[in-house]
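Please read this briefing alongside the sequence and the model. The points are grouped by topic, so that each can be checked against the coordinates in turn.

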Amino acid sequence: MKWKNKGREFDKIGSYIKNKEILFLGCGKEFNKKISFLNSKLRVIEELPQQIRTNGLINLVNTINKVRLFVKKLKITNEIVIVSDEHKKIYKILTKYIGFKKNKNIFLETEFNKKYLSVYALYGFGKVYSPFSTCIVLTTLCSLNCKYCLNYQPYIKNKCHIEYEKLKKDIDVFFNSFDRVDSFSLTGGEPLLYKELPDLLYYIANNYRNKVEHLWFATNGTIVPSDELCTAIKDTGTEVIIDNYTKFVPETIDTYNQTVQKCEKFGLKYNEGDIPAFFKTFPPAKDFTRMSEGMLIEKFNECKNSYSGFEIKDGRLYACCYTGFANTASLVEAKDGDYLNLNNTNKKELIEFVAGFTKTGYTEFCKYCNCFFGKYDGGYDENGVTQQPKNKLLAWDIKNPTKEPVEIQK
């Protein structure tokens, strides 16, 4: 979305809901946990009208009357109503027949968590919340060199580890800007190549663990984690995703299995990430540079609705992590609208940026990206041809955006 009233985009809805208490319809255990960082009053109603039927006129009238009576008994005064996702029928009746206004005084749980909780938190409690995932790149070195790497490894000419103190500085800037985030991850390259990973996990845990719900990283299963790292993972409550590339790189089967066994041995929280095929965000399947501004904004919004991942780098929060990765790989130069400088912004602008508002309404890399899951005709690599030779780089010509990358000849 393109900023039209920067710093004021949510003033109307924010001023309406800021002093409201919450009435939650359904099992509110998880929701209560999610808003625990706020001092909000929450009333949970689990006993909802049973046998909601809307088929046929008689059933519909009876159902509406039953729900109307139910609402009367609730004695709603200064509350906003949030309905759990499993009770969408009641939500539909309340908005269509009982007079509740969608996304004003009544919300579906997922919709509220994703789009409006940050507004409620800031306008009502002065807290900055992000429902999305933010990553920080520890290293651009990797033990693989996949052609369709989402971090664009084959295009990075000067791979290196990021200085530990620099990472700490970015972590400080990020968590000093947010009071609560759902997800924060450490990525690469391959994170297990970064020797200070245990120290970094302890640093985050000791200073900011109460601010992040899910602290995690993904590994490609080619490096077995050390005992020291496994201890740090367990101590800090970090989650591990072990991506299974064995279909594409069979020689990694042993290390992959050993990594899984090590996680089991230490009792770590882990998931085995099945990789059925690589989706191609890049190179572009079409010449997206021909898109109008409106089309690019629509493209960005559609992608963001599927996936909202940020990157923190050099004190900047990138609107899309792929834009940050593309900038590191020198695929495109980042424009000032692609990121927000966390050292020079206010809280209202920050939650608007998190919600998807930018200077242009899209990022520069939108002109060259096939989007998350290759939605814009990027397709998938299903043949297992993912590995480039380790010492080979790919070059890409920004003047010919639909031309296949070529190997750089040394």
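What follows covers pockets, nonpolar cores, backbone geometry, one helix residue and the cysteines. The model is predicted, and its local features are taken from residues with pLDDT of at least 70. Its largest pocket has a volume of about 1,000 Å³, its largest nonpolar core holds 100 residues, and the count of disulfides is zero.

**The largest pocket**

- The pocket of about 1,000 Å³ has a lining of 42 residues, and those nearest its centre are Leu150, Asn151, Ala218, Asp243 and Tyr245.
- Two or more lining residues come from each of the strands β5 (129–137), β6 (180–187), β7 (212–219), β8 (239–244), β9 (269–274), β10 (278–279) and β11 (309–313), and from the helix α11 (321–328).
- Among these elements, β7 makes the largest contribution to the lining of the largest pocket, namely four residues.
- Sorted by class, the lining of the largest pocket consists of 26 nonpolar, 13 polar and three charged residues.

**The second largest pocket**

- The second largest pocket encloses about 540 Å³ of space, and of the 34 residues that line it, Thr140, Ile156, Asn327, Thr328 and Ala329 lie nearest its centre.
- At least two lining residues of the second largest pocket are supplied by each of β5, α6 (164–177), β11, β12 (316–318), α11 and β15 (394–395), and the largest share, four residues, belongs to α11.
- The lining of the second largest pocket comprises 16 nonpolar, eleven polar and seven charged residues.

**Nonpolar cores**

- Within the largest nonpolar core, which has 100 residues, the members that touch the most other members are Tyr152, Phe184, Leu186 and Phe365.
- Helix α5, residues 109–125, is the element that gives the most to this core, with eight residues.
- Once neighbours within four places in sequence are set aside, Phe184 is in contact with Thr134, Ile136, Ile171, Phe174, Phe175, Ile204, Val212, His214, Leu215, Trp216 and Ile312.
- A second core, separate from the largest, has 20 residues, including Val71, Leu74, Tyr91 and Phe100.

**Backbone geometry**

- The peptide bond between Gly188 and Gly189 is cis, with omega about 20°, and Gly189 is placed in the loop that runs between β6 and α7 (197–208).
- Another cis peptide bond, with omega about 5°, links Phe282 to Pro283, and Pro283 is part of the loop between β10 and α10 (293–306).
- Asn103, though not a glycine, has a positive phi, near 55°; this residue sits in the loop between α4 (88–96) and β4 (106–108), and its relative accessibility is 17%, so it counts as buried under the 20% limit.
- Tyr152 is likewise a residue with positive phi that is not a glycine, at about 60°, and it occupies the loop between β5 and α6.
- With a relative accessible area of 1%, Tyr152 is buried, and it is one of the residues that touch the most other members of the largest nonpolar core.

**Ile233 in helix α8**

- Ile233 belongs to helix α8, which spans residues 227–235, and its relative accessibility is 3%, so it counts as buried.
- Apart from neighbours within four places in sequence, the contacts of Ile233 are Leu201, Phe217, Thr238, Val240 and Leu268.
- From Ile233 to Lys392 the separation is 159 residues in sequence and 33 Å in space, taken from C-alpha to C-alpha.

**Cysteines**

- A disulfide is a covalent bond between the sulfur atoms of two cysteines.
- Counting only pairs of cysteine sulfur atoms within 2.5 Å gives zero disulfides in this model.
- For Cys160 the closest cysteine sulfur is that of Cys142, and because the two sulfurs are 14 Å apart, they are too far from each other for a bond.
- Cys160 is partly exposed, its relative accessible area being 36%.
- For Cys371 the closest cysteine sulfur, in Cys303, is 3.9 Å away, which is also too far for a bond because the cut-off is 2.5 Å.
- Cys371 is buried, and its relative accessible area is 4%.

Definitions and conventions:
Residues numbered from 1 in each chain as written. Predicted model: local features only at pLDDT ≥ 70, side-chain atom pairs only at ≥ 80, totals over all residues. Heavy atoms only, no water. 1 Å grid on protein atoms, 1.4 Å probe; cavity = no way out; pocket = protein on both sides within 12 Å on 5 of 7 lines; lining within 4 Å. Points joined across faces, edges and corners; volume = space filled by probe spheres on them. Nonpolar A, V, L, I, M, F, W, Y, C, P; charged D, E, K, R; others polar. Core = buried A, V, L, I, M, F, W, Y, C linked by side-chain atoms within 4.5 Å. Buried < 20%, exposed > 50% of the residue type's maximum accessible area, 1.4 Å probe, protein only. Contact = heavy atoms within 4.5 Å.
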